[in-house]
Amino acid sequence: MNNARNIKHLYARAGFGIRFEDLHDHENWSANKAVRKLFKASADSHPITILTENIDLRPQANKTDEEKIRIQEERNTQDKALNLAWITQLSTTDAQLREKMTLFWHNHFACNIGNAYYEQQLNNIERENALGNFKTLLLQVSQSPGMLQFLNNQQNQKGHPNENFARELMELFTIGRGNYTEHDVKESARAFTGWAYDGKTGDYIFRPKVHDDNPKTFMGQTGNFCGEDIVEIIFSHKKTAEFISTKLYRYLVNDVPDAEHISQMTNVFYKSNYEIKPLLEFVFQSNWFYDDKNIGNLVKSPVEFLTGLNRQFYITYQNPDVLMQFQRTLGQLLFRPPNVAGWPGGKSWIDSSSLMYRMKMSSIILNAGVIDFTGKVDPGDEAYLASVRKQQMNVIKRVQAQPNWDKFLKEIPDDTSKIQIAEFMLEPKLNQAVIAEVNQATDIKDTIIQIVSTPEYQLC
Amino acid sequence: MKRRSFLKSSAIVSGAFMMPAFLKPLEAMAMSELSGYKNLVIIQLSGGNDGLNTIIPYGNDIYYQKRNTIAINKTDIVTLNDMQGLNPNLSALKEIYDQGWMNIINSVGYPNPDRSHFRSMDIWQTGSDANQFLTTGWIGRYLDSNCQNSYSAIEVDDTLSLAMKGAKMKGIAVQDPNKLYQTTREPFFKDLVHDHNNVDLNEDNLGYLYKTMIETYSSADYIQNTSKTYKVTADYPATPFANQLKTVSKFINSGLKTRVYYVSLSGFDTHVGQQNQQGRQLKIYGDGVAAFIKDLKQSGKLDDTLVMTFSEFGRRVEQNASNGTDHGTANNILIYGGKLTKPGIYNEAPDLATLDNGDLKYQVDFRDVYATLLDKWLNVNNSQILTRNFAGLNFV
């Protein structure tokens with residue numbers, strides 16, 4: 001049986017989309033087999049190791065202004081190197097599922113600090129545990145210097161607790177609002193006093209001297225709790241499994257939560273003691289995952305959009321800086337989430353400006369900004385098109401992106417119609433307007449540029 | 001005319017030629033209509049600005065007792081009366097205050113305050129109660145009930161805040177009107193918009209994308225072609241925030257039929273090393289706002305403009321051990337305009353002695369401030385927009 005539509009959907013959600021050749025290869029697979037293959041391709045974790053020096057650990061002697069400027073420049077260089085290393089890995093890896101989930105955790109444990117080395121370390125923790133155990137992941141993240149710094153646990157000390165980490169731990173990382181009280185925040189903050197990292201080595205340490213070891217009352221239990229105890233109590237509540245399941249459902253299935261499906265996920269997650277892999281397998285093997293209403297109805301995040309395009313067209317960038325510019329323009333610069341809650345996602349990716357930039361972005365990367373158009377053109381349009389053509393060389397000089405058109409076109413089977421190509425490239429069902437545009441286009445390349453410049457292409 | 005020279009000339013005046021036929025012809029207001037068209041400018045300070053180190057209750061000893069390392073020295077404070085004064089980084093606002101163009105409303109908040117940034121910001125942006133979850137913003141609901149165009153509310157930013165999203169209508173996010181306009185010129189896009197313009201669009205995400213695209217087309221054209229007629233000549237500080245206010249000035253002075261402008265400045269979550277961090281942000285804020293108010297006075301628009309600054313919460317009265325402050329509750333709201341009925345400090349300074357678990361008790365519900373803006377400035381009954389009727393205040 002030809003299972004192409006389901007396989008394509010699976011790869012759009014568990015990864016960043018499928019290529020022609022892969023679909024051709026996999027279209028007869030069952031969903032279960034495809035899921036197995038996806039996990040197999042993601043079995044190993046390849047950490048990002050581009051940064052080898054932690055600038056903050058250098059001796060802090062009195063520095064001249066020039067030295068300070070130079071260090072700031074080094075920081076910028078590190079920021080850039082880290083961002084590009086990850087976007088490149090996203091765009092080229094075979095471990096699509098692992099990277100897709102790393103991106104999920106990157107947003108879940110949003111962290112925005114000025115130290116790229118710590119950001120790289122946190123990113124690797126998220127990648128290593130992306131398909132592993134959520135409790136292990138949470139503890140490692142919470143004890144990473146990046147998160148200790150970002151949520152001020154470094155300053156959380158006996159007698160003067162800093163509540164930032166304790167609050168976000170419950171509100172954003174585990175159990176969610178409505179399941180704890182202000183009192184729980186205050187008490188658990190005391191339990192996390194002393195969790196810190198060593199300013200000389202960057203290693204996690206527990207500082208007994210500043211730890212408050214008096215009894216605390218947390219979620220109805222009283223004891224001489226330390227941070228790990230608090231985490232245990234939070235995880236004993238099924239609401240934690242539900243909170244993560246809901247967020248994952250919205251990331252992988254549909255941004256309108258379905259109580260019944262989420263309750264099934266919650267049971268699986270809770271029973272497996274927060275193992276992530278069985279939860280994902282359950283989602284991807286559920287019949288409801290392949291329901292019509294769950295296909296082609298998620299808004300791609302900017303990074304998913306760029307990654308998908310890069311992968312589909314085998315794009316290489318001579319000037320990788322533009323990849324950061326694109327992320328910034330579209331509203332999602334990796335390692336720079338807007339606040340502790342991360343990027344809100346879904347419809348919020350799309351507003352007037354970002355939609356227009358996104359629709360234009362594909363043609364800028366693939367075709368020097370030209371969307372060739374064979375429909376009815378009025379004089380004003382001709383003037384516009386003329387000016388776009390005049391700008392082509394400038395766009396090419398600025399972007400310096402190299403799609404591999406030959407490879408892309410070669411993978412399309414000879415007898416594929418233009419409409420079939422559009423059906424392959426776009427996840428939502430085609431409407432009359434898009435069918436009309438595609439039918440009007442005369443050249444195959446023009447057709448494809450038009451397809452990836454539609455609102456439909458913004459969805460997965 | 002030869003084709004080539006035609007193309008050349010039409011490229012120059014492209015705006016007029018490229019007006020898509022399906023757009024209603026939109027004209028800027030005639031100059032005579034200009035005066036009396038009231039604007040509201042909302043400035044959001046994100047992160048929870050510490051109001052007690054912004055408008056400082058220096059006359060109250062408790063302030064100095066609770067904040068031994070982060071209190072501002074009396075000698076540095078720009079005094080306003082014998083109880084309250086401005087953070088020295090806000091010194092540019094002294095002139096605005098002295099001119100009678102500034103109001104300080106103390107102790108604004110809501111019952112059962114929430115100390116989460118996101119939740120409290122949602123409460124402020126939607127105008128909900130603490131236990132009520134609304135998915136539309138208060139300006140969005142104003143658009144729903146009173147406006148036809150998304151440019152009736154403009155956020156000078158790349159993305160749109162919840163405050164600006166209604167059920168039917170949404171404001172529009174415009175950081176740079178020309179950039180937005182240029183992206184709408186693509187003939188392929190125009191064709192897609194044209195094909196969808198009269199179609200009933202679904203409520204799903206695809207329908208949402210097409211709807212956004214169609215609205216963007218009609219607004220981008222109007223905003224660009226109207227706003228480009230005015231050039232701001234006043235001096236503004238070289239900060240992104242001041243630049244956003246400069247863009248608002250351009251919009252207001254060019255006669256855009258926009259009722260509400262929205263601008264944000266973040267960086268106020270000062271758990272650690274507060275004095276420097278907050279000081280930097282306040283300077284950016286104060287210098288930017290002072291330039292904006294003076295610019296509007298110069299161009300004769302200050303009487304038609306009201307500016308409101310808020311933050312999602314204030315901070316604890318007592319500092320923490322890291323020379324910072326943790327999330328708190330009630331805070332001050334700052335209002336600016338040329339037509340304030342009771343300029344200066346509007347109500348009593350915050351009561352630092354009677355606290356609720358270490359936090360200020362609110363005296364004024366923030367929705368009474370909103371109600372005042374809706375009833376007396378935007379001329380719409382506040383009970384249509386807010387969850388119930390609020391009595392309002394008397395600052396305009």
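Two residues are taken to be in contact here if their C-beta atoms, placed from the backbone, lie within 7 Å, and this tour of a predicted model relies on that criterion for each of the interfaces it visits.

Begin by selecting chain B together with chain A, where 47 residues of chain B are in contact with 49 residues of chain A. To see which parts of chain B build its side of this interface, colour α1 (3–12), α2 (14–17), α6 (117–126), β7 (172–173), α8 (177–183), α9 (187–196) and α10 (205–227) of chain B, each of which gives two or more residues to the side that touches chain A. Among these, turn next to α10(B), which gives the most, with 10 residues. If you then colour the side of chain B that touches chain A by residue class, you will find 22 nonpolar, 16 polar and 9 charged residues.

Now hide chain B and select chain A, which is divided into domain 1 (1–41), domain 2 (55–236) and domain 3 (302–458). Keep domain 2 and domain 3 of chain A in view: their C-alpha centres lie 36 Å apart, and 16 residues of domain 2 of chain A are in contact with 15 residues of domain 3 of chain A.

On the domain 2 side of that boundary, select α4 (65–92), α5 (96–108) and α9 (164–173) of chain A, each of which supplies at least two of the residues that touch domain 3 of chain A. The largest share, 8 residues, comes from α4(A). Coloured by class, the side of domain 2 of chain A that touches domain 3 of chain A shows 8 nonpolar, 5 polar and 3 charged residues.

Definitions and conventions
Residues numbered from 1 in each chain as written. Chains lettered and ligands numbered in written order. Predicted model: local features only at pLDDT ≥ 70, side-chain atom pairs only at ≥ 80, totals over all residues. Helix = DSSP H or I, 4+ residues; strand = E, 2+ residues; numbered from the N terminus. Nonpolar A, V, L, I, M, F, W, Y, C, P; charged D, E, K, R; others polar. Domains from an automatic or database assignment.
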